[in-house]
Amino acid sequence: MLSTNNKYVGLLYLSPALLFVAVFVFYPLVQLIMISMTSESLLGGGEFVWFDNYLLAFSDRSFWMSFWFTVRYTLIITPILMILGFLLALLTMQNRPLAQLTRGVVFLPVVIGLASSSLLWVWLFNQQVGLFNKALVDLGVIEEPLVWFNRANLGMTAVIVSVVWKVVGFGMIIMLSGMQSISHEVVEASMIDGASYWQRVRKIILPLSARAILLATLISAIGSMLAFDQFYLMTRGAPRGQTFTSVYWIYQNSFVYFKLGYGSALSIILMVVIMAGAALQITLQRRGETA
Amino acid sequence: MRRSKMLAVALPLAVGLAGLMTTTVFAQNLSMWVRESAADPGKLMVDLWNQTHEAQIELTAIPDNQLVTKLATSVRAGDAPDLISFDLIYMPDFMRAGFLADLTEQLQADPNYETHIQAYKDIATYEDRIYGVGFTPDVSILVWNKELFRQAGLDPEVPPKTIYEIHDMATQIGALGDDTYGFYFAGSCPGCNIFVTSPLMVAGGAHILPRNGEDAALEGDAIREVLDQYRQMWEEGLIPEAAEVDAGENFVSAFTAGNVGIAGTGGFLLSLMERQFPDFDYGVTLLPGLEEGQVSGFVGGDVVAIPTGGANEEVAREFVTWVLSDEAQLEGLAKNSILTTRTDLADNEYFAGNEKVQATAQALEAGYVPWVFRFADMVNSDSSPWINMLQRAIFDGDVDGAIEEARARMLEIASQ
């Protein structure tokens with residue numbers, strides 16, 4: 001049982017972190033909620049409108065189009081990132097020189113800025129001078145160079161390729177940390193019992209690194225739901241606004257159309273949806289663990 | 001003795017320090033923001049001012065897509081720069097928001113303002129008050145590749161005079177073979193197209209953007225005609241396939257690559273061609289309409305204004321007056337192959353004998369600029385009704401549906 005003095009000392013130690021969270025998280029969040037209930041413009045002015053912005057958002061076809069596009073993007077890219085990340089983690093699990101080198105090479109793009117890598121890929125996908133088209137034509141996969149960003153599905157494919165290259169190493173490292181924390185005794189015991197490699201992967205490595213996989217999935221899914229830079233730089237919403245993501249649409253409203261109040265309301269809606277999704281994912285995982 | 005030695009050291013030191021302090025207090029250095037894409041001509045003007053004035057201006061280039069946000073937040077925070085140069089189309093929004101200082105009395109008393117290009121006067125006036133002047137001007141023009149004209153059997157000295165002639169000539173140039181195209185436009189660039197495509201419509205008598213919910217939007221046969229001609233050229237393969245996704249990256253380079261016959265562009269191309277492609281044989285003319293004699297252009301470029309709350313407003317006002325002076329217009333703009341913003345100086349020693357610049361100067365006088373609020377919403381954004389109309393009409397082929405949809409959306413925006 002802590003004495004009152006000890007409680008105050010504990011609070012004192014916590015206070016810098018609490019202050020940081022209060023100033024940089026709670027205060028902006030409260031401000032955001034307040035602005036979302038006004039018709040405030042970036043150019044000034046505006047009045048309190050209660051929940052009008054939220055009601056407007058529910059009938060905003062463009063917002064929901066961008067939202068469902070973002071969901072589709074997330075549902076496609078997350079499994080790719082997780083499966084590839086898991087396989088790469090398996091491949092580089094041993095601390096041998098070649099595995100360590102592979103780990104370093106795969107992780108390298110993670111340290112490049114997303115904007116820089118997106119610009120690099122815009123050039124690689126260029127119809128006339130891009131290396132990607134040249135490689136596909138030379139390999140006989142396509143007959144003529146493709147214009148990658150004039151169709152929504154092609155544009156999204158191009159973005160997915162670029163993002164997978166950029167962030168797959170991050171998931172790999174998280175899963176690798178989970179795998180390397182598995183006790184050697186458990187693995188060795190299974191080998192003595194005659195378990196094959198894939199049996200060990202399925203029955204031991206996968207379940208015992210489940211928490212790391214959940215963490216990587218959460219980070220990846222939330223990151224994908226908040227996608228902006230890659231689409232802003234690569235597709236610019238083309239064609240006909242079909243590749244707008246939710247955050248891109250929020251940016252458009254807030255800073256291009258000057259509708260700060262409405263943009264704030266859309267941000268709150270997106271935040272609630274992401275929080276609900278993350279909570280559901282964690283709950284399902286916990287149920288799976290206790291079952 | 002010791003005291004006099006100390007004085008001998010201390011006195012010059014004190015005088016020096018006082019001098020330094022005086023310089024610091026009274027030098028009145030000004031801060032100025034300029035949008036990145038207009039930073040080069042802006043720097044030429046500011047350098048000239050700095051050479052001849054005691055008060056120095058420090059120029060900061062701001063990325064184009066951040067300028068509005070930065071200005072809005074800085075004015076609201078009371079931390080605005082002393083001067084700002086920005087895309088003229090934001091003028092109505094900024095004037096209405098009260099972001100800019102009123103320059104009416106000063107400019108009305110300035111004889112140089114009388115010959116200022118009318119389009120700049122119009123865009124910088126709100127409720128009979130004046131808030132800025134044209135700074136680094138630009139205007140859209142039509143350019144044609146004379147070498148390709150020769151190869152196609154066309155007279156290289158005769159440019160197209162109607163949208164139909166553009167189509168006919170583009171067909172002949174396109175027939176030269178693979179990788180040669182008759183025409184080019186950046187199909188995913190709303191700003192580029194309001195600049196070079198809308199004047200074709202306006203020259204033909206169309207009215208594009210509504211000023212309010214009751215105003216006309218996309219009215220006139222020229223809109224349908226121009227879109228239809230573009231659509232046909234696209235279907236006939238006279239426009240490169242990559243044009244559909246060009247968000248402006250190839251707006252200039254598509255023409256300078258040498259395999260495009262005709263394209264709309266801006267006056268800025270002239271100085272670029274002089275510097276980088278001095279041997280490129282091309283011509284400059286005004287953007288035509290549906291019939292011979294119909295011409296127009298979109299007056300663009302930057303205006304200079306004084307944000308409210310700046311610390312050095314008096315000197316900033318001097319700069320605005322100086323921008324319209326003979327010195328700034330001739331030595332800052334004309335000498336660097338940039339158009340002047342005064343009609344009485346369009347015919348000057350630097351432009352003498354240069355047909356291309358003279359044609360561009362004519363376009364500046366004949367050009368238009370739409371005075372509307374929320375231009376970004378209606379035109380410049382990646383999902384604007386303007387760009388959606390162009391893409392749906394030209395690439396999908398639904399010309400009438402595209403116009404109807406865009407008109408309804410523009411009126412909705414204008415009425416908000």
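In this predicted model, the largest nonpolar core has 201 residues. Five of its members have the most contacts inside it: Met175(A), Val133(B), Phe183(B), Tyr184(B) and Val303(B). Which element gives the most to this core? Helix α7 of chain A, residues 152-180, does so with 12 residues. The core also draws at least three residues from each of domain 1 and domain 2 of chain B. As background, nonpolar side chains in soluble globular proteins tend to be buried together.

Let's zoom in on one of those core residues, Val133(B). What is Val133(B) in contact with, once its neighbours within four places in sequence are left aside? The list includes four other valines, namely Val303(B), Val304(B), Val320(B) and Val323(B). It is completed by Leu107(B), His116(B), Tyr120(B), Ala124(B) and Leu324(B).

Now for the two domains of chain B. The domain assignment gives domain 1 as 29-137 + 300-366 and domain 2 as 139-299 + 373-415. Taken over C-alpha atoms, the centres of these domains are 27 Å apart. Where they touch, 20 residues of domain 1 of chain B are in contact with 19 residues of domain 2 of chain B. On the domain 1 side, the elements that give two or more residues are α4 (91-97) and α17 (355-366) of chain B. The largest share of that side, eight residues, comes from α17(B).

Next, look at where the two chains meet. Here 20 residues of chain A are in contact with 19 residues of chain B. On the chain A side, helix α12 (residues 246-256) gives the most, with three residues.

Helix α12(A) also packs against another helix of chain A, α3 (residues 61-91), at an angle of about 150 degrees. Their axes are 7 Å apart. Are the two helices roughly parallel or roughly antiparallel? An angle over 145 degrees counts as roughly antiparallel, so α3(A) and α12(A) are roughly antiparallel to each other. From α3(A), the contact is made by Ser62(A), Phe63(A), Ser66(A), Phe67(A) and Thr70(A). From α12(A), Ser246(A), Tyr248(A) and Trp249(A) take part.

The table sets out these contact regions by residue class.

| Contact region | Nonpolar | Polar | Charged |
|---|---|---|---|
| Side of chain A that touches chain B | 10 residues | eight residues | two residues |
| Side of domain 1 of chain B that touches domain 2 of chain B | 12 residues | five residues | three residues |
| Contact of α3(A) with α12(A) | four residues | four residues | no residues |

Methods. Residues numbered from 1 in each chain as written. Chains lettered and ligands numbered in written order. Predicted model: local features only at pLDDT ≥ 70, side-chain atom pairs only at ≥ 80, totals over all residues. Contact = placed C-beta atoms within 7 Å. Helix = DSSP H or I, 4+ residues; strand = E, 2+ residues; numbered from the N terminus. Nonpolar A, V, L, I, M, F, W, Y, C, P; charged D, E, K, R; others polar. Axes fitted to C-alpha atoms, helices over the stretch in contact; angles between N-to-C directions. Parallel < 35°, antiparallel > 145°, perpendicular 65-115°, else oblique. Domains from an automatic or database assignment. Core = buried A, V, L, I, M, F, W, Y, C linked by C-beta atoms within 7 Å. Buried ≥ 20, exposed ≤ 12 C-beta atoms within 10 Å, placed from the backbone.
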